[in-house]
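Reader: Could you take me through one part of this model up close? I'd like to hear about a place where two helices meet, and then whatever else you can tell me about the helices.

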Amino acid sequence: MVEPLRMLTREQRQRCMEEAGYNTFLLRSADVYIDLLTDSGTSAMSDRQWAGLMLGDEAYAGSRNFYNLEAAMREVYGYKHLIPTHQGRAAEHMISQLLIKKGDSVPGNMYFTTTRLHQELAGGTFVDVIIDEAHDPQSLHPFKGDVDLAKFQKLIDERGAEKIPYICIATAVNMCGGQPISVANLKEVYELAHRHGILVVHDMTRCVENAYMVKDHEPGYADRTITEIVREICSYTDIATMSSKKDHLVNIGGFLAVNDDELANKARNMVVVYEGLHTYGGMSGRDMEALAIGIRECVEYEHIKARVGQVQYLGKKLDDEGIPIVKPVGTHGVFLDAKRFLPHIDQDLFPAQALAAELYVDSGVRSMERGNVSAGRGPDGKHRRPALELVRLTIPRRVYTQAHMDVVAESVLEVYDNREQVKGLEFTYEPEYLRFFQARFKPVE
Ligand SMILES: Cc1ncc(COP(=O)(O)O)c(C=O)c1O
């Protein structure tokens, strides 16, 4: 299938950006030339997945596609129970409501926007226990997704294990650049957590990408298959939330996976309240079939090598030109370091948001802010000013060619050469939740 691409003039793009309130989420996709907003739900499905759509069993209950999906999940990840959801945040909502009590602390290897919000809505407080290197865009640590065990132990000592229902472990940590966690570190986290009766919840949205990095970089894993590594990662966790819109190569879908029978029953009872029956959970039968096929395709070595390889290609190109990016390059996108790119803009004037807007005006390339806007306000009402002020150039799977990556790199270089002209932004509308999605801004004069 081919899609027409539309190239607007710079003046037209300037007008589109003003109408979108300097927020790339508010642009119309028809006005975008190369869309690197997100890798979520933007993959191209394979011939086998499209064929699977024709096999949808749209029975309300007990669809055969559900059982295919359950079998694929068990085969690749090894969790016992599957509770389907329409996407990842529905699984986050359920597990947060089921396990977190008011006043609890929920440690994790860096926050993720929707994950943290659901923890907070359930009465918990997120505590960052990732290693310090993760917050430094220039640190070359190969496993920046690792947990600092001393930070985790300190939290247990201070709060008591009974106030920590679980630790949330993301694989290929999104907010610090798609950085992997090592299997060795995860195993230690699991052992420490279990010694204190704390569960391990796995945000496995990009677990397969993490497994690829383990195979490439962690001693002892070079000869293991991707599926073997994925299975080992999952074996050190108790529960998983999944946004299938990433690794699984589908446009919609997700699930909660758990090993405990009683918890599974509670989650099945909850899914009927919020999503749909426990054998479809917000997906149609055909969606579940495409997803079951995607789960098996995404662990094929040739696929994951090409996928991460394309991200590395763009990263190397930008790095070779001296563009400040997060290093090492991660798995799902290249992240521009807006603090070094636009040092003249204070973080409370949202340099990453301004940079994403400027990149679109320059070339029609759409990216996303992952900095002070995404981080939101802390309990004191102030912007959180995270150490990482980034623009994410996220690569959809199986969609673009290296030639598209060359166009992106050219545009980033062009904006870099004219960076002094970029101005900071201020809010004209700030939503209460997940403000980055719908906020509007204007340039500061
Ligand atoms: C790491 C991570 N966790 C959770 C989610 C939430 O998933 P969804 O967008 O499917 O609700 C996302 C998606 O953006 C993600 O990247």
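Author: Quick bit of vocabulary before we start: a helix axis here is a line fitted to the C-alpha atoms over the stretch in contact, and the angle between two axes is taken between their N-to-C directions, from 0 to 180 degrees. Keep in mind, too, that this is a predicted model.

Now to the crossing. Helix H3 covers residues 64-77 and helix H9 covers residues 226-235; their axes come within 7 Å and cross at roughly 90°. Angles from 65 to 115 degrees count as roughly perpendicular, so H3 is roughly perpendicular to H9. As for who touches whom, H3 brings Arg74, Glu75, Val76 and Tyr77, and on the H9 side they meet Thr227, Val230, Arg231 and Cys234.

Next, helix H10, which spans residues 261-274 and includes Tyr274. Tyr274 has a relative accessible area of 49%, so it counts as partly exposed. Together with Val272 and Val273, Tyr274 forms a nonpolar surface patch with about 300 Å² of accessible area.

Then there's helix H1, residues 10-19, where you'll find Arg13. Is Arg13 buried or exposed? With a relative accessible area of 6%, Arg13 is buried, because the cut-off for buried is under 20%. Setting aside neighbours within four places in sequence, Arg13 is in contact with Met7 and Leu8, and also with Tyr360, Val361, Asp362, Ser363 and Gly364. Ile252, on the other hand, is 239 residues from Arg13 in sequence, and their C-alpha atoms are 29 Å apart in space.

Definitions and conventions
Residues numbered from 1 in each chain as written. Predicted model: local features only at pLDDT ≥ 70, side-chain atom pairs only at ≥ 80, totals over all residues. Heavy atoms only, no water. Patch = residues over 30% accessible without salt bridge, like charges linked within 9 Å, V, L, I, M, F, W, Y side chains within 5 Å. Areas by Shrake-Rupley, 256 points an atom, 1.4 Å probe, with all protein chains shown as cover. Salt bridge = Lys/Arg side-chain N within 4 Å of Asp/Glu carboxyl O. Helix = DSSP H or I, 4+ residues; strand = E, 2+ residues; numbered from the N terminus. Buried < 20%, exposed > 50% of the residue type's maximum accessible area, 1.4 Å probe, protein only. Parallel < 35°, antiparallel > 145°, perpendicular 65-115°, else oblique. Contact = heavy atoms within 4.5 Å.
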